[in-house]
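Thanks for agreeing to look at this one with me. Below are my notes as numbered points, so that you can follow along in the viewer.

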Amino acid sequence: MAEKTILKALRGEVQAVPPIWLMRQAGRYLPEYRATRAQAGDFLKLCYNPELAAEVTLQPIRRFGFDAAILFADILLLPQALGVDLWFETGEGPRLTPVTTPQGLAQLRAPGDVHETLAPIYETLKILKRELPSETTLIGFAGAPWTVASYVIAGRGTPGQEPAHALKAQDRATFAALVDLITEATVEYLSAQVLAGAEVVKLFDSWAGTLQGADFDDFAVAPARKIIAALKERHPGLPIIAFPREAGARYKGFARATGADGVALDNSVSADWAAAEVQVDGCVQGNLDPKLMVEGGARLVSEAKRIVRAFSGGAHIFNLGHGITPDADPDNVHRLIEAVRG
Ligand code: CP3
């Protein structure tokens with residue numbers, strides 16, 4: 001059987017047509033997703049129902065024929081498995097019981113004890129491994145420790161991660177211990193995902209952009225490096241994508257510093273800059289502004305083609321700079337795929 005296009009790209013192979021998938025490709029912009037979510041009851045019930053989670057993972061593969069399927073789950077399931085309360089407020093987003101003290105930290109579970117809660121997620125991957133078309137790559141994922149910690153500390157999403165930055169400044173030992181716990185638990189979680197069938201794993205550091213200077217090295221680079229080294233030791237050859245979102249100039253050298261095979265780019269960096277400075281170290285993925293999936297039209301096509309051209313000299317996986325939004329038009333996904341493959 002021919003090697004899958006996503007795996008070729010992550011090995012560094014230059015392909016005439018880049019493989020394509022989209023962040024949040026299973027989601028509210030698809031009517032079939034909204035129907036399955038209603039059937040499950042709510043978002044968390046959907047995540048923990050292996051049959052229905054596999055179903056929503058497969059929906060965009062059936063509809064669009066993407067080159068990769070990403071496990072349907074959420075980065076906040078891991079802190080939940082560590083013992084942090086998690087719920088979603090309708091129309092607002094995630095809520096967690098904040099952990100900010102040594103006492104709070106001491107009550108959390110050990111890294112190796114996350115599997116009982118997360119067993120249904122591994123079951124979803126096993127179903128997907130059976131049901132995906134043979135050419136489609138199965139991607140598992142986790143949040144990067146800084147991003148996950150920012151939700152655990154604040155108890156919610158925060159625009160500038162101020163509560164996490166404050167704890168880092170006021171009680172660095174507790175902050176660092178929380179990051180370490182999440183780092184170790186992430187290795188256990190992703191390793192179990194690989195054993196269940198994930199062929200690639202991706203680390204989402206959605207809030208890396210607010211880490212400055214040495215903090216970026218300590219809390220974006222170092223945890224990613226530890227996770228990647230531990231995973232590659234357990235699973236030699238496992239391809240890993242890192243997404244230090246809004247890292248700006250710090251995208252340069254990130255793959256080398258962490259050992260990642262691919263780096264996902266947000267849409268704030270220039271594709272030409274990234275081709276010269278980031279793609280030299282390996283595969284790049286991303287960069288298209290998700291707003292174009294709402295807007296559509298000639299600009300969607302011209303921007304997609306511009307990105308394909310900019311990255312045509314190296315390994316490239318086509319994707320957006322961030323997740324596709326609920327107001328996106330599914331027909332624009334067909335137009336995008338046509339522009340990239342056509
Ligand atoms: O990409 C995929 O399709 C895979 C599934 C996936 C989800 N979340 C499903 C989801 C992935 C990879 C994530 C990652 C995630 N979750 C991140 C990192 C990536 C990013 O977007 O920056 C973060 C920060 C979260 C935390 C999270 N989950 C928030 C802040 C929210 C609420 C915002 C929103 O869009 O409602 C979620 C909910 C969530 N996760 C949804 C989905 C499809 C929407 C839930 C719904 O159906 O209402």
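1. A polar contact here is a pair of N or O atoms within 3.5 Å; within protein, one must be able to donate a hydrogen and the other to accept it, and residues adjacent in sequence count only if both atoms are side-chain atoms. With that in hand, start at Asp67, whose side chain makes such a contact with the side chain of Arg341 at 2.9 Å. The Asp67 side chain also reaches the backbone nitrogen of Ile20, at 2.8 Å. Asp67 sits in the loop between α4 (50-64) and β1 (68-70); helices (H or I, at least four residues) and strands (E, at least two) are DSSP runs, numbered from the N terminus. Asp67 is buried, at a relative accessible area of 13%, where buried means under 20%, exposed over 50% and partly exposed in between (1.4 Å probe, protein chains only).

2. A word on the ground rules. This is a predicted model, in which local features need pLDDT of at least 70 and side-chain atom pairs count only at pLDDT 80 or more, while totals for chains, interfaces and linings use all residues. Residues are numbered from 1 along each chain as its sequence is written, and side-chain values use heavy atoms, with hydrogens and water left out.

3. Now the ligand. It is surrounded by 21 residues, and Arg28, Tyr33, Arg37, Asp74 and Ser206 are the closest; a residue counts as near if one of its heavy atoms lies within 4 Å. The shell divides into 14 nonpolar, 3 polar and 4 charged residues. In this scheme Ala, Val, Leu, Ile, Met, Phe, Trp, Tyr, Cys and Pro are nonpolar, Asp, Glu, Lys and Arg are charged, and the others, Gly among them, are polar.

4. Which protein atoms lie 2.5 Å, 2.7 Å and 3.5 Å from an oxygen atom of the ligand? At 2.5 Å there is a polar side-chain atom of Arg37. A polar backbone atom of Arg24 is 2.7 Å from a ligand oxygen, and a polar backbone atom of Gln25 is 3.5 Å from one. On its own the ligand has 870 Å² of accessible area, and the protein covers 87% of this; the areas come from the Shrake-Rupley method with a 1.4 Å probe, and for residues only the protein chains shown count as cover.

5. Arg24 deserves a second look for its backbone. Its phi is near 60°, a positive value in a residue other than glycine. Arg24 is found in the loop between α1 (5-10) and α2 (31-40) and is exposed, with a relative accessible area of 54%. Gln161 also has a positive phi, of about 55°, although it is not a glycine. Gln161 lies in the loop between α8 and α9 (162-170), but it is buried, with a relative accessible area of 1%.

6. On to the rings. The whole structure holds 10 aromatic pairs: rings of Phe, Tyr and Trp (its six-membered ring) pair if their centres lie within 6.5 Å, and planes under 30 degrees apart count as stacked, over 60 as edge-to-face and the rest as tilted. One of them is Trp146 with Phe175, edge-to-face at 6.0 Å centre to centre and 65° between the planes. That pair links distant parts of the chain, with Trp146 in helix α8 (residues 145-154) and Phe175 in helix α10 (residues 172-196), 29 residues apart. Both Trp146 and Phe175 are buried.

7. Phe175 has another edge-to-face partner in Phe219, at 4.8 Å centre to centre and 85° between the planes. Phe175 is in helix α10 and Phe219 in helix α11 (residues 214-234), so this pair ties together parts that are 44 residues apart in sequence. Phe219 is buried, as is Phe175. Elsewhere, Tyr33, Phe43, Phe72 and Phe88 form one aromatic cluster.

8. Please also check Arg245, which lies over the face of Trp207 at 5.2 Å from the ring centre. The test asks for NZ of Lys or CZ of Arg within 6 Å of the ring centre and within 35 degrees of the ring normal.

9. Last, a backbone approach involving helix α10, where Ile182 has its place. The C-alpha atoms of Ile182 and Pro145 are separated by 5.5 Å, with their positions 37 residues apart along the chain. Ile182 is buried, with a relative accessible area of 2%.
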